[in-house]
Amino acid sequence: MKAAIRQRALELGFDDCRFTNANPPESANQFLDWIDSEKHGSMAWIKRNAEKRVDPKLVLENASSIITLAASYEGKDTIDDDSPNLGLIARYARYRDYHDSIGEALIQLTEYLQTLTSNEAKSLWYVDTGPILERDIAQRAGLGFIGKHTNLISRRLGNFFFISEIITTTKIEPDKSEHNRCGKCSDCIDVCPTQAITSPFVLDARRCISYLTIELKESIPLEFRPMIGNRIYGCDDCLSACPWNRFAGKGRLMAEHRRDDLDQANLLELLSLDEDGFRSKFRDTPIKRTKRRGLLRNVCVALGNIGDPMAIPALERAKNDQESLIAEHAAWALDQINQRYKGN
Ligand code: SF4
Ligand code: SF4
């Protein structure tokens with residue numbers, strides 16, 4: 001059965017498929033300590049179902065095995081340094097929403113599992129959508145190892161891949177687990193613009209640009225704004241710095257879902273989007289998560305950091321936006337540009 005599932009997963013476009021049992025991950029206590037120390041910031045949903053996260057059997061009664069899957073989204077940064085007012089979007093978000101594209105493949109794989117078990121198995125699939133410590137589970141399944149930046153690294157795929165999983169009541173022989181292979185390297189810690197990786201394997205999400213530009217729904221703390229640079233949705237710096245990327249390859253499942261238009265995000269165009277314009281541009285992408293107010297907040301920060309006076313008219317308009325969040329960040333950006341000019 002295991003070989004058949006793996007074969008079907010590869011046919012569906014996944015780049016790797018591994019198996020483990022449904023016991024709680026060994027790192028459960030570390031996760032609970034991390035929650036207790038409030039390093040998850042305003043992501044209250046993580047705390048709400050913390051008990052389920054550390055025990056897959058609370059997610060699916062009589063769970064026996066977990067199938068873990070990788071779908072690579074390797075891609076290069078193509079931003080043109082000579083063009084002013086371009087923003088950077090994290091690589092994973094320059095695709096059709098992975099919840100949809102990977103979800104479709106997971107539905108097919110789960111149906112296949114049902115046919116193999118004569119519909120006797122109960123199974124649940126998740127792609128970053130369920131209460132499960134997926135990186136820890138994936139390491140136990142041998143899909144990769146958790147690096148000092150706290151993300152999963154595959155020896156075959158590098159850092160840029162999505163993880164998903166199927167929890168099932170079917171018993172499947174587990175694969176051999178993986179172990180950390182960072183050695184003395186600390187490149188991800190050194191490169192982080194906000195010192196969010198406070199020590200190896202410990203991320204203070206409240207400092208992380210991915211959190212600040214995506215998860216945080218309110219005003220971005222002033223101390224972090226200059227460090228965000230031109231990143232408007234997420235941050236790839238720690239992943240990009242990792243030497244294991246030399247083994248990365250192009251993903252198969254995700255390749256057809258690329259959104260090339262998001263490689264170079266024109267900040268002035270984005271700042272002119274109304275609600276309809278935002279929805280139509282980002283409806284099918286993960287970027288819809290921030291809503292217009294969150295993305296345009298980030299665009300203002302990026303424009304303030306770039307400091308191009310060409311952005312002043314657009315920022316003046318944004319300063320009068322109905323959304324006070326956007327208006328406040330536009331005012332900050334104008335201050336940054338004006339201060340730079342006074343300084344020259
Ligand atoms: S995503 Fe960016 S800000 Fe967050 S830990 Fe990595 S390098 Fe630091
Ligand atoms: S950059 Fe180095 S320390 Fe960080 S995850 Fe990769 S190998 Fe580990």
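**A three-stranded sheet and the overall fold**

In this predicted model, three strands form an open sheet with the order 10-3-11. The pairing within this sheet is mixed. Strand 10, residues 231-233, and strand 11, residues 265-266, stand at the edges. Each has a single partner strand, so one side of each is left without a neighbour in the sheet. Strand 3 covers residues 86-89 and is joined to strand 10 by two bridges. Strands 3 and 10 run parallel. Leu88 stands opposite Arg231 of strand 10. In general, the strands of a sheet pair through backbone hydrogen bonds, in parallel or antiparallel fashion.

The chain as a whole contains 16 helices and 11 strands. Its radius of gyration is 21 Å, and the globule rule gives 20 Å for 344 residues. These values are close, so the chain is as compact as a globular protein of that length. Along the principal axes, the C-alpha atoms fill a box of roughly 70 × 40 × 40 Å.

Burial and contacts were then examined. Of the 344 residues, 53% count as buried. Among contacts in the chain with a separation of 6 or more, 75% come from residues 24 or more positions apart.

The surface and the charges complete the description. The chain exposes about 15,900 Å². Carbon and sulfur atoms supply 49% of this area. Positive side chains number 47 and negative side chains 50. The centres of the two sets lie 2 Å apart.

Key: Residues numbered from 1 in each chain as written. Chains lettered and ligands numbered in written order. Predicted model: local features only at pLDDT ≥ 70, side-chain atom pairs only at ≥ 80, totals over all residues. Heavy atoms only, no water. Helix = DSSP H or I, 4+ residues; strand = E, 2+ residues; numbered from the N terminus. Rg over C-alpha atoms; globule rule 2.2 N^0.38 Å. Buried < 20%, exposed > 50% of the residue type's maximum accessible area, 1.4 Å probe, protein only. Contact = heavy atoms within 4.5 Å. Areas by Shrake-Rupley, 256 points an atom, 1.4 Å probe, with all protein chains shown as cover. Lys, Arg positive; Asp, Glu negative; His and termini not counted. Charge placed at Lys NZ, Arg CZ, Asp CG, Glu CD. Pairing = 2+ DSSP bridges.
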